[in-house]
Amino acid sequence: MTFGEFNFDDRIQEGLEAMGYITPTIVQEKVIPQILNNRDVIACAQTGTGKTAAYLLPIFQRIITSESDKLNTLIIAPTRELAQQIDQQVEGLGYFLPFSSASLYGGGSNVQWDTGKMALRKGTEIIIATPGRLISHLALKHVDPSELKHLILDEADKMLDMGFHEDIMRILSFLPKERQTLMFSATMPGRIRDLARKIQTEPEEINLSVSQLAEGVLQGAYMTYDQQKIGLIKHLVTGKQLPSILIFSATKKAVKDMTRELQKLDFKADEVHSDRDQADRGQVLRKFKNREIQILVATDVLSRGIDVEDIDLVINYDVPQDPEDYIHRVGRTARAEQTGVALTFITPKDQHQFQRIERFLDMEIRKFPLPQHLGEGPEYKPGKSRPGTGSYDKGKPSRDNKSHQQGKGKRMNEKKGNYRGKR
Ligand code: AMP
């Protein structure tokens with residue numbers, strides 16, 4: 001699927017191109033049509049899944065087609081950091097759009113408060129805010145939400161964890177009842193569903209689930225020690241008719257080392273990670289797509305939104321931290337009814353993590369023996385590697401130890417205070 005299929009306004013498309021987004025992520029594929037359809041949405045999606053653009057893009061489209069220039073959209077985030085990240089995506093993706101946004105978060109100086117106030121006085125279509133700061137502005141009537149059309153709660157579970165339930169309800173008391181409400185949450189505990197029941201109308205629930213894994217993927221795994229991994233890569237790729245191979249690793253160092261090794265063996269290999277800029281990455285990807293590069297080695301910077309079909313083999317050089325990451329990585333093969341193979345290397349310390357993935361997928365992934373010349377690999381005994389830790393809850397991907405390498409969008413315009421003025 002391409003972004004073109006959403007028929008966004010050309011200026012949104014330009015923003016996407018400028019940010020280097022080529023293909024929608026899974027969350028974007030699922031969420032965007034629902035929002036364009038005016039549905040309330042509750043989506044289980046973590047940071048790193050492309051959730052921000054999933055709600056920003058359709059909302060931009062709705063604002064463009066709306067007549068009013070009053071406050072249209074309120075995005076609430078639990079922390080200043082998240083608010084800033086959202087703000088950056090609004091700036092980047094919305095660079096060519098004729099409306100303005102303001103961000104209001106606590107912890108800043110008086111100057112920030114004044115800039116926020118000034119932005120609100122000038123009028124703004126989008127506000128990104130943390131709850132406390134927003135309530136202050138609402139209470140002082142700096143904000144007129146009477147024509148608000150969209151409310152977004154980002155990282156809703158974190159908001160509840162941080163004790164913002166009452167604040168959220170207070171904010172809602174200022175807003176029109178007739179509106180579209182979107183909730184994004186990394187986890188979906190009962191409290192989130194309760195909140196959804198209170199503030200949403202027949203929401204469409206979107207979960208990134210196992211069904212996202214294309215049926216044609218043959219999955220397998222090898223138990224290895226770290227020092228056997230590179231040998232195993234060589235064994236797997238040498239002398240095979242595999243024109244397109246994608247290897248994922250969590251660390252930039254492993255990506256770089258592996259690429260060097262493969263190049264030494266005369267493979268056409270190249271690498272993608274966050275040390276390379278968007279232009280560089282784009283070029284490498286193009287070459288990979290055109291089959292000028294056979295093996296692409298990448299961090300998770302690439303696991304989402306890459307539009308390359310017919311990948312024959314995906315190798316997870318290490319076990320992804322999250323079952324969702326696994327699905328994203330493995331989902332790169334066997335797209336569009338193709339068949340593909342996805343192999344994961346499991347070291348003893350990763351066994352437990354791999355077991356979580358198997359539980360999430362509700363299947364046992366076949367473990368292959370190592371080729372003889374590499375010697376014996378470890379045994380797969382996940383229960384024994386960390387006793388008593390078999391309590392993974394399917395609906396709750398862990399937030400711990402996340403190793404996402406997020407490809408930050410380029411900042412497109414110079415920021416003036418916390419106000420992005422009309423263009
Ligand atoms: P988020 O989950 O919204 O925090 O996004 C994670 C990162 O992925 C951000 O740095 C985005 O700029 C990037 N991103 C979002 N959507 C796409 C896409 N379709 N293609 C490439 N990168 C994306």
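What follows is a walk through a predicted model, from its overall make-up to three helix pairs and a few single residues. Local features are reported only at pLDDT of at least 70 and side-chain atom pairs only at pLDDT 80 or more, while totals for chains, interfaces and linings use all residues. Residues are numbered from 1 along each chain as its sequence is written, and side-chain values use heavy atoms, with hydrogens and water left out.

Let us start with the whole protein. Its secondary structure comes to 15 helices and 15 strands; these are DSSP runs numbered from the N terminus, with helices being H or I runs of at least four residues and strands E runs of at least two. Of the 423 residues, 55% are buried, where buried means under 20% relative accessible area, exposed means over 50%, and partly exposed lies in between (1.4 Å probe, protein chains only). If you take the contacts between residues at least 6 apart in sequence, 80% of them join residues at least 24 apart. A contact here means heavy atoms within 4.5 Å.

Now to the helix pairs. Two packed helices are described by the angle between their axes and the distance between the axes. The axes are lines fitted to C-alpha atoms, for helices over the stretch in contact, and the angles run from 0 to 180 degrees between N-to-C directions. Angles under 35 degrees count as roughly parallel, over 145 as roughly antiparallel, 65 to 115 as roughly perpendicular, and the rest as oblique. For handedness, a crossing is left-handed if the near helix is turned anticlockwise from the far one by less than a right angle, and right-handed if clockwise.

Following the chain, we come to helix H3 (residues 51-64) and helix H4 (residues 80-93), whose axes come within 10 Å and cross at roughly 45 degrees. That angle makes H3 oblique to H4, and H3 passes H4 in a right-handed crossing. On the H3 side, Lys51, Thr52, Ala53, Tyr55, Leu56, Leu57 and Phe60 take part, meeting Leu82, Ile86, Gln89, Val90 and Leu93 in H4. By class, this contact has nine nonpolar, two polar and one charged residues. The classes are simple: Ala, Val, Leu, Ile, Met, Phe, Trp, Tyr, Cys and Pro count as nonpolar, Asp, Glu, Lys and Arg as charged, and the others, Gly among them, as polar.

Next is helix H6 with helix H8 (residues 165-174): their axes come within 10 Å and cross at roughly 30 degrees. H6 is therefore roughly parallel to H8, and the crossing is left-handed. The residues that make the contact are Pro131, Gly132, Leu134, Ile135, Leu138 and Ala139 of H6 and Asp167, Arg170, Ile171 and Phe174 of H8. They divide into seven nonpolar, one polar and two charged. Within H6, the buried residues are Pro131, Arg133, Leu134, Ile135, His137 and Leu138.

Just beyond H6, have a look at Lys141, which has a positive phi of about 60 degrees although it is not a glycine. Lys141 sits in the loop between helix H6 (131-139) and strand E5 (150-153), and its 72% relative accessibility makes it exposed. Glu202 also has a positive phi, near 35 degrees, in a residue other than glycine. The loop that holds Glu202 runs between helix H9 (190-199) and strand E7 (204-207), and at 65% relative accessibility Glu202 counts as exposed.

Further on, Gln228 lies in the loop between strand E8 (217-223) and H10. With 8% relative accessibility, Gln228 counts as buried. A polar atom of the Gln228 side chain lies 2.8 Å from the backbone nitrogen of Tyr225. Leaving out residues up to four places away in sequence, Gln228 touches Leu370, Leu374, Gly375, Glu376, Gly377 and Pro378.

Helix H10 (residues 229-237) pairs with helix H11 (residues 252-264): the axes come within 11 Å and cross at roughly 45 degrees. This makes H10 oblique to H11, in a right-handed crossing. Ile230, Ile233, Lys234 and Val237 of H10 make the contact with Met258, Glu261 and Leu262 of H11, a set of five nonpolar, no polar and two charged residues.

We finish at Val314, in strand E12 (residues 313-316). Val314 counts as buried, at 0% relative accessibility. Its C-alpha atom is separated by 9.8 Å from that of Ile295, 19 residues apart along the chain.

Methods. A polar contact is a pair of N or O atoms within 3.5 Å; within protein, one must be able to donate a hydrogen and the other to accept it, and residues adjacent in sequence count only if both atoms are side-chain atoms.
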